[in-house]
Amino acid sequence: MKTIDSVLTEKRTFVPPESFVAQALLNREGLDALHKQAQNDPDGFWLSQAQELVWRTPPTQALDDSDYPFVRWFADGQLNITESCLDRHLSTPRRNKAALIWEGEPGEHRVLTYFELHREVCRAANALLKLGIKTGDRVVIYMPMVPELAIAVLACARIGATHSVIFGGFSAEAIRDRVQDAGAIAVLTADGGYRRGKVVPLKHNVDEALKHCQDVRHVVVVNRTGQDVSMHPGRDHFWTDLLKAESGRCEPAIVPAEHPLFILYTSGTTGKPKGVVHTTGGYATQISFTTKYVFDLHDEDTYFCTADVGWVTGHSYIVYGPLMHGASVVMYEGAPDTPHRGRFWEIIDKWGVTIFYTAPTAIRAFMRWGDQHPNAYRMDTLRLLGTVGEPINPAAWVWYHETIGRKRCPIIDTWWQTETGGIMVSPLPGATVTKPGSCTQPLPGIAVEVIHKDGSRCGKNEGGYLVVTRPWPSQLRTVWGDPERYRKTYFGDLKVGGRPVYFTGDGARFDEDGYLWVMGRVDDVLNVAGHRIGTAEVESALVGHPHVAEAAVVGRPDELKGQALVAFVTLRGGLAATDQTANMLKEHVVKEIGAIARPDDIRFTDALPKTRSGKIMRRLLREIATSGRAVGDVTTLEDFAVLQKLSSSDSDEE
Ligand code: ATP
Ligand code: MG
């Protein structure tokens, strides 16, 4: 059975620079040795990685899958994750090293050393304890990207309260749904936050949401913008008032490895948000391992990840992972184009950033804005670049390599999900030859395969379902309050050797060198004249054209072909949105990947509907292409106006 046809042929390869390899924590031999160890004895491999953490009771066992697909890792171990992030550094020279380097959107900055961060986390933890918040309670955090956000996350972990961070761009409805679903008893927020020079009314949104959440007993408000907010007596407290009297020491709550560390609701490119549950010991182990080796993290590094702590990337690779390794973490509050389009590059120069981690959607925006912005900065401290969130098209990869990395920095294209908790497939920058657009190979200890519907393995370059065949330490443990949904969503249909396997939702192929290419979500796969084509490849061909900034491709029912291919395209560089341009782009796709992928219809638009984490919502575009308007769930959409425009321009034609 044919699963997904591959049409992309990217042949360039990039070898890690010698100077990088010379200082890397892992070179080719080191990586091979880890792979071998993990293959021979996966439990032993992960158990040895777990030893890198601070445990109060070290675990003696790794995976327990006796209740598969429900799993446990390191179940007889006990720890508090904040001891691995903070306390362990206090008796070392890192004690007075910068832990967080925070840059506000308006331009001010704050630096917290490990000693200070530990102190602030302890004070906040003591304040939460005083409010009566206990181990196992759920606490919602809804804040701008300020240091208190990281402090709040760690303070919850310190006392064993399960945190659920809601991205500060979400609405009151989204807060209400998530507070109710999690059964949260406290909300930590701020008066407001800055975004593109405007103030986002966070406290106001919380007030609206909590009209429908009677179980919330406490709201703690950080002063960020200084605007007036209404305070409900008895329920609402200012952060500074609460912390004022608290001591900078707080005994951590020691919890079993399987204690729920956090709930994180998925962003919703595919429907109703789910509360993904991560626990403590396994999560910490995989995050520690991946942060160290994938980012090749050294003590000298200054690390800048542009994600928001509201996404899993921010949890794992701004807060927990880098702090475990004593990194200096740059945290930026605002938008990349405020007050100007060189803001990220300015921050890189200002703080001497060495490792930079961002998303393909951002990289395509930088390309659209023009090279003059990065070219105005030296950025000669950079040594490693990373991406996450979507397949990166080779043209954007190469631009990133040349214009940001100045051909000097390896690129790690990291594939993972909210559900996987940590990175699963990625180059190791001192060991892996990279190919633009491929996330290369599974990490040691991670068993990823591409299979047909019947569970048989796909051949080389044959597209199929991307699955994980062996549980991994930072695997989600369940969907909060709905274990059946966990089983059905992730272990529903696909089996290997008779056993259900974790289905990622993505389509992918392994090439002749065993490199993995993610082809997009299988829900988005196009079915054109008997061929099943992944969206990523057609979109990659379109954005490979110098005048295309962004593209999204969806199918529309078509009597003859099964589906007609509709491309939504954003232009750059002054080309007019005419039929002539459309025809030129259709020919471009034919030339790049062949006649089967020729778009039937090209629609020009100023912007595409995206989630608040910047991912294209093809589901909505499919509805627009089919019926002229989108009717599905749009609560996680970034900008409603985009959708309205697309829908109305469509009905104008009719
Ligand atoms: P939802 O699950 O609510 O629809 P989401 O899937 O966008 O939202 P995430 O968990 O942040 O939420 O994203 C994971 C998905 O992002 C992956 O399944 C994959 O489709 C895509 N992805 C992430 N990193 C990469 C990468 N390096 N290459 C290709 N695709 C990637
Ligand atoms: Mg997903």
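Partly exposed means a relative accessible area between the buried limit of under 20% and the exposed limit of over 50%. The exercises below concern salt bridges in a predicted model.

**Exercise 1.** Classify the burial of Arg622 and of its salt-bridge partner Asp524, and state where each residue lies.

Solution.
1. Arg622 and Asp524 form a salt bridge whose closest N and O atoms are 3.0 Å apart.
2. Arg622 belongs to helix H19 (residues 618-627), and Asp524 to the loop between strand E27 (516-521) and strand E28 (526-528), so the bridge ties together parts 98 residues apart in sequence.
3. Arg622 has a relative accessible area of 23% and is therefore partly exposed.
4. Asp524, at 8%, counts as buried.

**Exercise 2.** Determine which helices the salt bridge between Asp87 and Arg158 ties together.

Solution.
1. The closest N and O atoms of Asp87 and Arg158 are 2.7 Å apart.
2. Asp87 is in helix H4 (residues 81-90) and Arg158 in helix H6 (residues 147-159), so the linked parts are 71 residues apart in sequence.
3. Asp87 is partly exposed at 21% relative accessibility, whereas Arg158 is buried at 2%.

**Exercise 3.** Describe the placement of the salt-bridged pair Asp207 and Lys203.

Solution.
1. In this pair, the closest N and O atoms are 2.7 Å apart.
2. Asp207 and Lys203 are four residues apart in helix H8 (residues 202-210), which means a separation of about one helical turn.
3. Asp207 is buried at 11% relative accessibility, and Lys203 is buried at 1%.

**Exercise 4.** How many salt bridges does the structure hold?

Solution.
1. The total is 51.

Notes
Residues numbered from 1 in each chain as written. Chains lettered and ligands numbered in written order. Predicted model: local features only at pLDDT ≥ 70, side-chain atom pairs only at ≥ 80, totals over all residues. Heavy atoms only, no water. Salt bridge = Lys/Arg side-chain N within 4 Å of Asp/Glu carboxyl O. Helix = DSSP H or I, 4+ residues; strand = E, 2+ residues; numbered from the N terminus. Buried < 20%, exposed > 50% of the residue type's maximum accessible area, 1.4 Å probe, protein only.
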